[in-house]
Amino acid sequence: MSPRNRPEENGWIEVITGCMFSGKTEELLRRVRRAELAGHEVKLFKPAVDDRYGETEIGSHNGNQRTAEVVESAEELDSEAYVVGVDEANFFDEQLVDKVQSLAERGHRVIVSGIDSTFRGEPFPPLPQLMAQAEFVDKLNAVCVKCGEPATRNQRLVDGEPAHIDDPTVVVGADEKYEARCRSCFKIRTD
Ligand SMILES: [Zn+2]
């Protein structure tokens, strides 16, 4: 299969990463809009993080929104569209790396957006692996809610207190809150 509407032979991978609240999805959608203005066909995907499948809206509540197909695993990422976008890529497992590589090798422009570190401040697979394979990487900052400096970390709060280091990495639907924080204001409990 070769992608339709392909302007040139080479595919490539673009990674948009950073912490929560850094505008990654907005940046993904900005690139998508520009590609469409150039007449390129675009297909967007998002992982299923709960029981909702089918299609969903991604993007800001008050502005640019786009429809994405919800998929259960990276295996399902396939499209004839020249531009393939993947939002919330950190919810996929490491199969995503091979899948994205094969799309790029078949001539697709693949744009992947997702957070690169866990609430423990550690690399969050598969984003670091994707960053190593990508042609283009942009790491966006948020604004630290504590001090206003550039924020790069995902502060997890459970009942208003920093989460414990032994908490699981991904808890969907738990009663918790995240904030963007800088290196100095980032806290994790280890006691
Ligand atoms: Zn700070």
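User: What makes Cys182 and Cys185 count as buried?

Analyst: This is a predicted model, and in it both Cys182 and Cys185 come out as buried. The word is used for a relative accessible area under 20%.

User: And what is Phe136 called, buried, exposed or partly exposed?

Analyst: Phe136 has a relative accessible area of 43%. Buried would need under 20% and exposed over 50%, so Phe136 is partly exposed.

User: Back to the cysteines. Which atoms coordinate the zinc ion?

Analyst: The SG atoms of Cys144, Cys147, Cys182 and Cys185 do, at 2.3 to 2.4 Å. A donor has to be within 2.8 Å of the metal, so these sulfurs qualify. Along the chain, the donors follow the spacing C-x2-C-x34-C-x2-C.

User: Why is the arrangement around the zinc ion called tetrahedral?

Analyst: Check the angles: the 4 donor atoms subtend 102 to 119 degrees. Four donors count as tetrahedral if all angles lie between 85 and 135 degrees, so the name fits.

User: How many aromatic pairs does a search of the whole structure find?

Analyst: Just 1. The rings belong to Trp12 and Phe136, with centres 6.1 Å apart and planes at 80 degrees. Pairing needs centres within 6.5 Å, and planes over 60 degrees apart count as edge-to-face, so this pair is edge-to-face.

User: What makes you say the pair links distant parts of the chain?

Analyst: Trp12 sits in strand E1 (residues 12–18) and Phe136 in strand E7 (residues 136–140), 124 residues apart.

User: How do you know that strands E10 and E11 pair?

Analyst: There are 2 bridges joining E10 to E11, which run antiparallel. Pairing takes at least two bridges, so they make the cut.

Conventions:
Residues numbered from 1 in each chain as written. Predicted model: local features only at pLDDT ≥ 70, side-chain atom pairs only at ≥ 80, totals over all residues. Heavy atoms only, no water. Donors = N, O, S within 2.8 Å, 3.2 Å for Na, K, Ca; no water. Tetrahedral: all angles 85-135°; square planar, octahedral: opposite > 155°, others 65-115°. Buried < 20%, exposed > 50% of the residue type's maximum accessible area, 1.4 Å probe, protein only. Phe/Tyr/Trp six-rings, centres within 6.5 Å; stacked < 30°, edge-to-face > 60°. Helix = DSSP H or I, 4+ residues; strand = E, 2+ residues; numbered from the N terminus.
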